[in-house]
Amino acid sequence: MIKLSKVSIIIPCYNCHKTIEKTVLTIVAQTYDNIEILLIDDGSTDETLKILKELQNKNKNITVFSNKNFGVSYTRNFGIKKANGEYIMFVDSDDLLDSNCISYCMEKIKYFDLLIFGIDFFYENNNKHVFKSINDFKIESYDELKTVSELLLKENYLSSSCNKIFRKKILVENSISFNENLCKFEDLLFCLTYIKYCNKINIISNPFYTYIQNTNISLSKKRIDKIEKNITFLLDNLPDFFINNGESVKEKNLLFYIISLYYSNEIKRKDIVQKLKIKNISMYNEKIVKEYEKILNNKHLSLKNRVLLFLIKYKFNFIIYTFYKYK
């Protein structure tokens, strides 16, 4: 009988007593036999830790850790150090995993350094599912990775660490970790750094991961300030692969991708339009305007993104807000 490789599933938990049991049950229900589930409490102030311990008592594959509140990046890094599996996955404490996910993915990752699968975005407010996936394809050389890196960015396949299976050996040998100083884009930087060390990547279209979206979370002015600083940090600390791999990725595409990603993810918050009136988010408007001509000359830029670029340049923030609010 062939021994199955162990998969470690790392779940940071902070004040998630309403959702964590449902999340864990979708992982316990996996058809793959060799998994460990690391539930790491990040200094919760509600009943989360109590629930985690109850779940641990019911399932031998669950291990619970309790830390002070250091944030999701610290917690994930802590999980990587504690993981015993050859492979690592990350799951958020309110999301869901298809029961066949790990079993199917482990069949597909055998000769690859990274496996990426699709995401089902579920919007709680309007009970709407939006599936995010691209056609199955394989990247089987480092040169090929350079060629398709723009596609991975454009299709938003590198912004989350949760729809992927990583090899722990690559993480450890290359000291890859989540940046604990970022409150935004930490997943993107982690994924960009990881694929720098990949030769082969397998991408499958199956939307195995359900990402629960709640658009009623308010966005404070303080958080906007932090996100602006995070964008600056990210652009200044991109992996060398993306800086050296031709200007089209770094100068013409990646900057615009990051800005567009920020708008699309954050502008749906219920009070963002007021914040846009208070603060024009000038830092990255200035950065993107500075690169305007370079980005505009990118032949791969879609008409939609050209229009968005124009709106950003001339600071039509309310139109941008309306576009992302109702798209």
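The following conversation walks through a predicted model of a protein.

Visitor: How many helices and strands does the protein have, and what share of its residues count as buried?
Guide: In this predicted model, the protein has 15 helices and twelve strands. Among contacts between residues at least 6 apart in sequence, 80% join residues at least 24 apart. Of the 327 residues of the protein, the share that counts as buried is 52%.

Visitor: Which helix gives the most to the largest nonpolar core?
Guide: The largest nonpolar core holds 69 residues, and the ones that touch the most other members are Ile 11, Leu 39 and Phe 117. With six residues, the helix that gives the most to this core is helix 7, residues 186-195.

Visitor: How many of the ten residues of helix 7 are buried?
Guide: The buried residues of helix 7 include Leu 188, Leu 189, Phe 190 and Leu 192, and charged side chains are found in the list too, with Glu 186 and Asp 187 among them. Helix 7 is largely enclosed by the rest of the structure, because the number of its ten residues that are buried is nine.

Visitor: Where do the buried residues of helix 4 lie, on one face of the helix or spread around it?
Guide: Helix 4 covers residues 101-108, and its buried residues are Cys 101, Ile 102, Cys 105 and Met 106. An α-helix has 3.6 residues a turn, so residues three or four places apart point the same way. Seen down the axis of helix 4, the buried residues fall within an arc of 115 degrees, so the place where they lie is one face of the helix.

Visitor: Which strands are included in what covers the buried residues of helix 4?
Guide: The residues to be covered are Cys 101, Ile 102, Cys 105 and Met 106. What covers them includes strand 1 (7-13), strand 2 (35-42), strand 4 (87-90), strand 5 (96-97), strand 6 (114-116) and strand 10 (164-167).

Visitor: Which residues of helix 4 is Phe 117 in contact with?
Guide: Phe 117 is one of the residues that touch the most other members of the largest nonpolar core. Leaving aside neighbours within four places in sequence, its contacts include Met 89, Tyr 157, Ile 165, Ile 204 and Phe 208. Those contacts also include two residues that are buried in helix 4, namely Cys 101 and Cys 105.

Visitor: Which helix gives the most to the lining of the second largest pocket?
Guide: About 250 Å³ of space lies in this pocket, and its lining divides into six nonpolar, three polar and three charged residues. Of the twelve lining residues, those nearest the centre of the pocket are Leu 4, Tyr 32, Met 106, Glu 107 and Lys 110. With three residues, the helix that gives the most to the lining is helix 4.

Visitor: What does helix 2 pack its buried residues against?
Guide: In helix 2, residues 48-58, the buried residues are Thr 48, Ile 51, Leu 52 and Leu 55. Seen down the helix axis they fall within an arc of 100 degrees, so they line one face of helix 2. What these residues pack against is strand 1, helix 1, strand 2 and strand 3 (62-67).

Visitor: What separates the C-alpha atoms of Ser 8 and Asn 84, 76 residues apart along the chain?
Guide: Ser 8 is found in strand 1, and at 0% relative accessibility it counts as buried. Leaving aside neighbours within four places in sequence, Ser 8 is in contact with residues including Glu 36, Ala 83, Asn 84 and Tyr 87. Although Ser 8 and Asn 84 are 76 residues apart along the chain, the separation of their C-alpha atoms is 6.7 Å.

Visitor: Is Ser 175 buried or exposed?
Guide: Most residues other than glycine have a negative phi, and most peptide bonds are trans. Ser 175 has a positive phi of about 50 degrees although it is not a glycine, and it is found in the loop between helix 6 (168-173) and helix 7. Since its relative accessible area is 64% and the cut-off is over 50%, Ser 175 is exposed.

How values were computed. Residues are numbered from 1 along each chain as its sequence is written. This is a predicted model: local features need pLDDT of at least 70, side-chain atom pairs count only at pLDDT 80 or more; totals for chains, interfaces and linings use all residues. Side-chain values use heavy atoms; hydrogens and water are left out. Buried means under 20% relative accessible area, exposed over 50%, partly exposed in between (1.4 Å probe, protein chains only). Helices (H or I, at least four residues) and strands (E, at least two) are DSSP runs, numbered from the N terminus. The arc is that of the directions from the helix axis to the C-beta atoms. Contact means heavy atoms within 4.5 Å. A nonpolar core is a set of buried Ala, Val, Leu, Ile, Met, Phe, Trp, Tyr and Cys residues joined through side-chain atoms within 4.5 Å. On a 1 Å grid over the protein atoms alone, a cavity is a set of points where a 1.4 Å probe fits but cannot get out, and a pocket is an open set with protein on both sides within 12 Å along at least five of seven lines; lining residues have an atom within 4 Å of a point. Grid points are joined across faces, edges and corners, and a volume is the space filled by probe spheres set on the points.
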